[in-house]
Amino acid sequence: MAEEQVCDVLIVGGGLAGGALALALADSSLRVAVVEAQPFPEQLPPLGESVADYDPRVSALTEASRRFLDSLGVWRDIVAQRACAYREMSVWDAEGTGEIHFDAADVGRPCLGHIVENRIITTSLLHRLRQRGGVQCIFGVQAESLENCGDSAVLQLADGRRLRAALVVAADGANSRVRQWAGFHTREWDYKHWAIATTVETSQSHRDTAWQRFLPEGPLAFLPLADAEGSGTFSSIVWSATPALAESLMAQPDDEFCTSLGRHFEHRLGEVVATGKRFSFPLRQRHAVDYFRGSVVLIGDAAHSIHPLAGQGINLGFADAQALAEELLRGRERQLSAGDRGVLARYQRRRKGDNLAMMAAMEGFQNLFGSSLPPLRLIRNIGMSWLDGAAPLKRRIVSRAMGIEAGV
């Protein structure tokens, strides 16, 4: 049997949430290791400017997430590459006249958030992690099995190594193998919709605005992307559609897809002149009944995955990473094990309620805008028009969505 390597915290998954957690613990006295099946990204991503040069996976980072990344020392690295600050958001209903507009100026902020490609965030986190040291990075090696032993857990790697940790953190995504191996129970359901994601170029500028139109088949979002020339003509789109429509859209030639997209978007940004490679994936909502079990704890998509309606998924994941890091460091000061039940229970109390509240809100929006019943169409259109004129309430909504309090 291979000799076991021992650490305090073993993070499985070196993506957004896992990388952020590792970096938050990098300067502590905790022995931390990260295991990731993909090779370490040695080079920063190339930043060409055609629709093929952008990562179709993007995140709408809130001000709270930006502050967290800044505290980790990576925000300046992200901005030095490519990030688009969006100042406004426009949302409207395809089946009526309801429309609502949000502006950062309403809460005295320069922007509502930032749209950043996921690969830029990930590589920035990992490169900063390597520079800081203090964390063992085991990349390009697949995890094969997990033994949850109560006071510790042992991860078996494909190369024969065995890693024992007081705490194993599952940060390996929505289809987490660690979550499955550790026997966590989840509540989940299928939205019976697929999402299509890609990068597009439009004939008119996005004007640093995030756009979302609620169609009968599902919401369509245009998220603004940065470009060196400042033309503002590149956007990341996420289109939620029924399986039949998604299949039809994925099968269309690029020019036909651009025409369909422009028509469904009411040509708010002019013509869609180019599209990158399209990706599609089924939409499911999932939430773990418990966030820890034995010596295993869940963060990010391993703990919860929500509808991409408002782009809140990664913000919840960063909040998980920040809260868990704070509780682990507080526990370390009290000489508690990383797997101490009280430490993990405090993390769960801090995050579970907020995550459930966001999931419930997204489910409510999905049900409200996904219905074609005339009474609901009337209610949502009247409600949107009323809310658009209710400045104090709009300010509260914007502040909450940004992860800040009004006036802070």
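**Exercise 1. Where is Ser 295 found, in terms of the strands on either side? Work out its surroundings too.**

Before we start: this is a predicted model, where local features need pLDDT of at least 70 and side-chain atom pairs count only at pLDDT 80 or more, while totals for chains, interfaces and linings use all residues. Residues are numbered from 1 along each chain as its sequence is written, and side-chain values use heavy atoms, with hydrogens and water left out.

Step 1. Ser 295 sits in the loop between strand E18 (292-293) and strand E19 (296-298). Helices (H or I, at least four residues) and strands (E, at least two) are DSSP runs, numbered from the N terminus.

Step 2. Check the accessibility: Ser 295 has a relative accessible area of 1%, so it is buried. Buried means under 20% relative accessible area, exposed over 50%, and partly exposed in between (1.4 Å probe, protein chains only).

Step 3. Look for partners. Leaving aside neighbours within four places in sequence, Ser 295 is in contact with several residues, including Asn 148, Asp 151, Ser 152 and Val 168; contact means heavy atoms within 4.5 Å. The side chain of Ser 295 also reaches the backbone nitrogen of Ser 152 at 3.0 Å.

**Exercise 2. Describe how helices H1 and H2 pack on H8.**

Step 1. Take H1 (residues 16-24) and H8 (residues 313-333): their axes come within 9 Å and cross at roughly 30 degrees. That makes H1 roughly parallel to H8. Axes are lines fitted to C-alpha atoms, for helices over the stretch in contact, with angles running from 0 to 180 degrees between N-to-C directions. Angles under 35 degrees count as roughly parallel, over 145 as roughly antiparallel, 65 to 115 as roughly perpendicular and the rest as oblique.

Step 2. On the H1 side, the residues making the contact include Ala 17, Ala 20 and Leu 21; on the H8 side, Phe 318, Ala 321 and Leu 324 are among them. H1 passes H8 in a right-handed crossing.

Step 3. Now H2 (residues 63-71): it packs on H8 at an angle of about 45 degrees, with the axes 9 Å apart. That makes H2 oblique to H8. Ser 65, Phe 68 and Leu 69 of H2 meet Asn 315, Phe 318, Ala 321 and Gln 322 of H8.

Step 4. The buried residues of H2 are Glu 63, Ser 65, Arg 66, Phe 68 and Leu 69. Just past the end of H2, Gly 73 takes a positive phi of about 85 degrees.

**Exercise 3. Place Asp 103 and list its contacts.**

Step 1. Asp 103 belongs to strand E6 (residues 99-103). With 22% relative accessibility, it counts as partly exposed.

Step 2. Setting aside neighbours within four places in sequence, Asp 103 is in contact with Arg 87, Glu 88 and Leu 112. A polar atom of the Asp 103 side chain lies 2.8 Å from the backbone nitrogen of Ala 105.

**Exercise 4. Which secondary-structure settings hold Lys 192 and Gln 335, and what are their phi values?**

Step 1. Lys 192 lies in strand E12 (residues 186-202). Its phi is near 60 degrees, a positive value in a residue other than glycine. At 61% relative accessibility, Lys 192 counts as exposed.

Step 2. Gln 335 is in the loop between H8 and helix H9 (341-370). Gln 335 has a positive phi of about 60 degrees although it isn't a glycine, and at 74% relative accessibility Gln 335 counts as exposed.

Technical notes:
A polar contact is a pair of N or O atoms within 3.5 Å; within protein, one must be able to donate a hydrogen and the other to accept it, and residues adjacent in sequence count only if both atoms are side-chain atoms. A crossing is left-handed if the near helix is turned anticlockwise from the far one by less than a right angle, and right-handed if clockwise.
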